[in-house]
Amino acid sequence: MSTELQNSSTPPLPSSFWSALESVPGGSAFPTIWRQHLASDLETFQSLFLRSRPDLPAAAVPCPWNCGCSHKVVPRGNGTLAGICQCNPPHCGEYTVLPEELIPWELDWTKIPRVLCAAFDLQPKTVKLGLYNTLQIGNWSPDAVPAILTLARLSLLDPGIGNLPGGTARILRNSGFLEG
Ligand SMILES: [Zn+2]
Ligand SMILES: [Zn+2]
């Protein structure tokens, strides 16, 4: 049995949101990487799903041009930061790294259930299931079917999903598709 989730009252989340939620390893990345997935949606996505970790500044940043290395960050005499390509031979010229590029942004698991419950009209109920990046975020009426959000690769999850109680629903990528 499968049923499309009704979310007519709110616009569906952009597909870039789902791919970003699923594609960033460990759910933590620098703004350069999030922007590659989200482009102009980055600011909205940050406010809905992410929190910054200024306590974990990096010594190297992802290359904005994807040259294959992380650019080493070196302070210049004038107080700005230089990002230096570590490829051999170097691909990119030195560029100026903005301080915010050094700050990783990670998935904020306190925000995510709230946003998705509003988007899919779920009754909020958060339950940790002991599976990687997997959480019950709410119940889907009228039968209070648990809605499970999973952001890990399905191959990692299949054994665990098999152990979930009968009638469990999970929200799958892209569509808000619900599978009984
Ligand atoms: Zn580069
Ligand atoms: Zn490089």
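Buried, for today, means under 20% relative accessible area, exposed means over 50%, and partly exposed is in between, using a 1.4 Å probe and protein chains only. One residue to put on that scale straight away is D121, which counts as exposed at 52% relative accessibility.

Some housekeeping. This is a predicted model, where local features need pLDDT of at least 70 and side-chain atom pairs count only at pLDDT 80 or more, while totals for chains, interfaces and linings use all residues. Residues are numbered from 1 along each chain as its sequence is written, chains are lettered from A and ligands numbered from 1 in the order in which they are written, and side-chain values use heavy atoms, with hydrogens and water left out.

OK, the metals. Which residues hold the zinc ion (ligand 1)? They are C63 (SG), C67 (SG), H71 (NE2) and C92 (SG), at 2.1 to 2.3 Å. A donor here is an N, O or S atom within 2.8 Å of the metal (3.2 Å for Na, K and Ca), and since water is not among the atoms, sites may look incomplete. The angles among the four donor atoms of ligand 1 run from 101 to 119°, and the site is tetrahedral. That label asks for four donors with all angles between 85 and 135 degrees. Along the sequence, the spacing of these donor residues reads C-x3-C-x3-H-x20-C.

How buried or exposed are these donors? H71 has a relative accessible area of 0%, so it is buried. C63 is buried too, at 4%, and C67 also counts as buried, at 16%.

Now hang on to C67, please. It coordinates both zinc ions, ligand 1 and ligand 2, which sit 3.5 Å apart. For the zinc ion (ligand 2), the protein donors are C67 (SG), C69 (SG), C85 (SG) and C87 (SG), at 2.2 to 2.4 Å. This site is tetrahedral as well, with angles of 101 to 124° among its four donor atoms. Its donors follow the pattern C-x1-C-x15-C-x1-C along the chain. C69 sits in the loop between β4 (60-62) and β5 (70-75), and C87 in the loop between β6 (81-84) and β7 (95-97), so this pair ties together parts that are 18 residues apart in sequence. When I say helix or strand, I mean DSSP runs numbered from the N terminus: H or I with at least four residues for helices, E with at least two for strands. C69 and C87 are both buried.

With that many cysteines around, how many disulfides are there? Zero, taking a disulfide as a pair of cysteine sulfur atoms within 2.5 Å.

Next, some backbone oddities. In the loop between β6 and β7 we find P89, and the peptide bond from N88 to P89 is cis, with omega near 0°. Back to D121, then: it has a positive phi of about 60° without being a glycine, and its place is the loop between α4 (112-120) and β9 (123-128).

A144 is another non-glycine with a positive phi, near 50°. Have a look at the loop between β10 (134-140) and β11 (145-150), where A144 is found. At 40% relative accessibility, A144 is partly exposed. The two strands form a hairpin with four residues between them. They run antiparallel and are joined by six bridges, and for strands to count as paired, DSSP has to find at least two bridges between them. Within that pairing, T134 stands opposite T150 in β11. As for β11 itself, five of its six residues are buried, so the strand is largely enclosed by the rest of the structure.

Last stop, helix α3. Which of its residues are buried? L42, F45, Q46 and F49 are. Looking down the axis of α3, those buried residues fall within an arc of 100°, so they line one face of the helix. The arc is taken from the directions from the helix axis to the C-beta atoms. Remember that an α-helix has 3.6 residues a turn, so residues three or four places apart point the same way. The cover over the buried residues of α3 includes α1 (15-23), α2 (31-38), β3 (50-52), β8 (105-107) and α4.

And one polar side chain to finish. Q46, in α3 (residues 42-49), is buried at 12% relative accessible area. Setting aside neighbours within four places in sequence, Q46 is in contact with W105 and K111, contact being heavy atoms within 4.5 Å.

Technical notes: Tetrahedral: all angles 85-135°; square planar, octahedral: opposite > 155°, others 65-115°.
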